[in-house]
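Welcome, and please open the structure in your viewer. We will go from one selection to the next and look at what is there.

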Amino acid sequence: MVLGIIILLVTIVMVLMIYNYSVHKKIDTFTNLNQRVTSLNVLQEFMNTLGENSTIKEKLENINDILINKYAIKYSTIVVFDGAEYVIKASNVDQKHWDTLKNLQSDPVFGDSIKTATPKYVTVENENEKLPYQKMEFGRAKCAIFFPLYVDNVYIGYWIIEGSIPHEFDKVDTTILEVVRNNIVTILKTVENQSTIENIVRDDLYSGLKSEEFLYGEGKKIIDKYTTSAICIFKVTNLPNINTEISRKTGDKVITQISDFVKNNLSKEYLFVRYMGPKFAIVFSGADVSGVFNFMTEMKNNIESMQISAAEDYVNKDNEENQNADLENATEKNEEVEIVVSPKVRVAVSTYYKGTSLDGALKKVEEYIDLSDENTINTL
């Protein structure tokens, strides 16, 4: 009788153990599935962030915020080598710890991780310990996973996540986080072109305007507030002749005075840049082509009415002796000989639609400007 009860109890215990194991497996499966679903959502949010009109810094900070929120990570830091030094691109850690976080590639604890391109998990056993790479801090992080970042087998930096509880990441599916790591690498590669554009924007010496590249980076944030905008390119057609027949400094003077005049008559929402050589581009954000046509007609008339005096380097190359004689005679008669030039302008206006290629739209207008041989204004 007693033996039967013992056997029954043992059987019940075994059944309960099997049931608990089954429930545990189902929970693990659900957790992994949930992590995968979360990862898909994260990837979608990554793509949405890439499509935003924002700077590289803003995009990487947004991506880091997504990681922190979606995976309930206490701390997340992305560090990238910029060609000269390791730079923190995004982090929610207090800046007083950044010197440590941006030099982890030199810490021996992560050496093998970098060499083998595999994650490295470190944790403390109790609250009184500190992680190997920590210098002065004790209470901030108690565990961390270090993910080296590679582009085409070239080490470019790392992503490190940190938790505030010992062994907090013990059950985290690192394969999911490695997918996230790969997505971070993809994003870093994708934004590289935008970074190049942002870095090559220059201020033109004579016009004081931004170069063309400004329109494709910072300028796009303003332009894409609107569904459509009017784009315009105007060309000073006689600038090459002014440079050769009068003087180079006179040509520079023409550029400066035209730029100042146009700038002073444009709304701050409109973007005005030195496009190339004698060409300028204006993006009338949110404006209609018909209104811009009328505006540019008036601008063209005003520009062509300018009389700009020759610069001090002007010399009449065809008859320098006669010019000197004329100047002497003028001096004797208390008269001044003044050489002036008037710009000639060719203008074309078109429509830009948000979501299409701004570069392509401007190229089309530029091609028309170059093919035309009249100082006119046209709508494409």
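How many residues lie between β4 and β5 in their hairpin? Select both strands to find out: two residues separate them, and D152 in the turn has a positive phi of about 50°. Bear in mind throughout that you are looking at a predicted model.

**Stop 1: around β5**

Stay with the hairpin and colour β4, residues 143-151. Its pairing with β5 is antiparallel and spans nine bridges. Now add β1, residues 75-81, which also runs antiparallel to β5 and is joined to it by six bridges. Click on I161 in β5: I145 stands opposite this residue, and so does S76. Next, show β5 by itself, residues 154-163. Nine of its 10 residues are buried, so the strand is largely enclosed by the rest of the structure.

**Stop 2: helix α5**

Select residues 174-190 to light up α5. This helix has 17 residues and reaches 24 Å from its first C-alpha to its last, close to the 24 Å expected at 1.5 Å a residue. Which of its residues are buried? They are I176, L177, V180, R181, N183, I184, V185, I187 and L188.

**Stop 3: the open sheet**

Now pick out β6, β8, β9, β7, β12 and β13, which in that order make an open sheet of six strands with mixed pairing. The edges are β6 (210-211) and β13 (377-379), each of which pairs on one side only. Inside the sheet, look at β7 and β9: they run antiparallel, with six bridges between them. One pair to click on is I231 and its bridge partner in β9, V283. Then add helix α12, residues 358-371. This helix lies across β7, β8, β9, β12 and β13, and runs at about 35° to β7.

**Stop 4: the largest nonpolar core**

Show side chains for F234, V262, I282, F284 and M296. Among the 32 residues of the largest nonpolar core, these touch the most other members. Which elements each supply at least two residues of this core? They are β7, α8, α9, β9, α10 and β12, and α10 gives the most, with five residues. A second, separate core has 24 residues, including L60, A90, I145 and I184. In soluble globular proteins, nonpolar side chains tend to be buried together.

Zoom in on F234 and set aside its neighbours within four places in sequence. Its contacts then include I258, V262, F272, I282, M296 and V347.

**Stop 5: L266 in its loop**

Move to the loop between α9 and β8, where you will find L266. Is L266 buried or exposed? Its relative accessibility is 15%, so it counts as buried. Beyond its neighbours within four places in sequence, L266 is in contact with F272, I282, F284 and F295. Draw a line from L266 to I282: they are 16 residues apart in sequence, and their C-alpha atoms are 9.4 Å apart in space.

**Last stop: the whole protein**

Zoom out to see 12 helices and 13 strands. Of the 380 residues, 41% count as buried. Among contacts with a separation of 6 or more, residues 24 or more positions apart account for 68%. Finally, turn on the surface: the accessible area comes to about 21,200 Å², and 53% of this belongs to carbon and sulfur atoms.

Definitions and conventions
Residues numbered from 1 in each chain as written. Predicted model: local features only at pLDDT ≥ 70, side-chain atom pairs only at ≥ 80, totals over all residues. Heavy atoms only, no water. Core = buried A, V, L, I, M, F, W, Y, C linked by side-chain atoms within 4.5 Å. Buried < 20%, exposed > 50% of the residue type's maximum accessible area, 1.4 Å probe, protein only. Helix = DSSP H or I, 4+ residues; strand = E, 2+ residues; numbered from the N terminus. Contact = heavy atoms within 4.5 Å. Expected span 1.5 Å × (residues − 1). Pairing = 2+ DSSP bridges. Axes fitted to C-alpha atoms, helices over the stretch in contact; angles between N-to-C directions. Areas by Shrake-Rupley, 256 points an atom, 1.4 Å probe, with all protein chains shown as cover.
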